[in-house]
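The following exercises invite the reader to examine a protein step by step. Each task is followed by a worked solution.

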Amino acid sequence: SGSGSGSARPEPLEPSLLRFLVCPLSKRPLRYEEATNELINEELGIAYPIIDGIPNMVPEAARRTHKKAPAEGSEQP
């Protein structure tokens, strides 16, 4: 009665991809957070979700990791 790949455990990111992935907003490298299965941009304070092993790099899909306002000049009006 088991399909083998349950949704209880999220599929992690392929480690070799990490060196090619950069934040689409800042063009800076991202840090993989295994606990939340997200790619973190410490500088901007945002986290991109990884769904079924595929990072969702759409800025609108990112969540804020802290309340600190972005650095001046980094956000376009």
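## Strand pairing

β1 and β2 pair in the antiparallel sense, and three bridges join them. The model is a predicted one, in which local features need pLDDT of at least 70 and side-chain atom pairs count only at pLDDT 80 or more, while totals for chains, interfaces and linings use all residues. Residues are numbered from 1 along each chain as its sequence is written, and side-chain values use heavy atoms, with hydrogens and water left out.

**Exercise 1.** State how many helices and strands the protein has, and describe how β2 is joined to β3.

*Solution.* Step 1: the terms are fixed beforehand. Helices (H or I, at least four residues) and strands (E, at least two) are DSSP runs, numbered from the N terminus. Two strands pair if DSSP finds at least two bridges between them.

Step 2: the protein has five strands and zero helices, which gives the pattern β-β-β-β-β along the sequence.

Step 3: in the pairing of β1 with β2, Y32 has L39 of β2 as its bridge partner. The hairpin of these two strands has four residues between them, and N37 takes a positive phi near 55° there.

Step 4: β2 and β3 run antiparallel and are joined by four bridges. Within β3, P49 stands opposite E38. The hairpin of β2 and β3 has four residues between the strands, and G45 takes a positive phi near 70° in this hairpin.

**Exercise 2.** Determine which way the side chains of E38, L39, I40 and N41 point from β2, and whether they are buried or exposed.

*Solution.* Step 1: buried means under 20% relative accessible area, exposed over 50%, and partly exposed in between (1.4 Å probe, protein chains only).

Step 2: E38 and I40 point one way from β2, whereas L39 and N41 point the other way, and all are buried. In a regular strand the side chains alternate between the two faces of the sheet.

Step 3: N41 lies in strand β2, residues 38–41. N41 counts as buried because its relative accessibility is 2%.

Step 4: contact means heavy atoms within 4.5 Å. Not counting residues up to four places away in sequence, N41 touches C23, S26, L30 and I46. A polar atom of the N41 side chain also lies 3.0 Å from the backbone nitrogen of E43.

**Exercise 3.** Identify the residues that make up the largest nonpolar core, and find which strand gives the largest share of this core.

*Solution.* Step 1: a nonpolar core is a set of buried Ala, Val, Leu, Ile, Met, Phe, Trp, Tyr and Cys residues joined through side-chain atoms within 4.5 Å.

Step 2: the largest such core has ten residues, namely L13, L21, C23, L30, L39, L44, I46, Y48, I50 and M57. Its largest share, three residues, comes from strand β3, residues 46–51.

Step 3: one of the core members, I50, is in contact with E11, L13, Y32, N37, E38, L39 and P55, leaving aside neighbours within four places in sequence.

Step 4: in soluble globular proteins, nonpolar side chains tend to be buried together. Of the 77 residues of this protein, 25% count as buried.

**Exercise 4.** Find how many salt bridges there are, and explain which parts of the chain are tied together by R28 with E43 and by E38 with R63.

*Solution.* Step 1: a salt bridge is a side-chain nitrogen of Lys or Arg within 4 Å of a carboxyl oxygen of Asp or Glu. By this rule the count comes to four.

Step 2: R28 and E43 meet through their side chains in a salt bridge of 3.5 Å, N to O. R28 lies in the segment before β1 and E43 in the loop between β2 and β3, so this pair ties together parts 15 residues apart in sequence. R28 is partly exposed, at a relative accessible area of 45%.

Step 3: E42 and R31 form a salt bridge of 2.5 Å, N to O. This pair links distant parts of the chain, since E42 is in the loop between β2 and β3 and R31 in strand β1, eleven residues apart. R31, E33 and E42 are linked in a network of salt bridges.

Step 4: in the salt bridge of E38 with R63, the closest N and O atoms are 2.8 Å apart. E38 lies in strand β2 and R63 in strand β5 (residues 63–64), so the pair ties together parts that are 25 residues apart in sequence. E38 is buried, with a relative accessible area of 9%, whereas R63 is partly exposed at 39%.

Key:
Polar contact = N/O pair within 3.5 Å; in protein donor to acceptor, adjacent residues only side chain to side chain.
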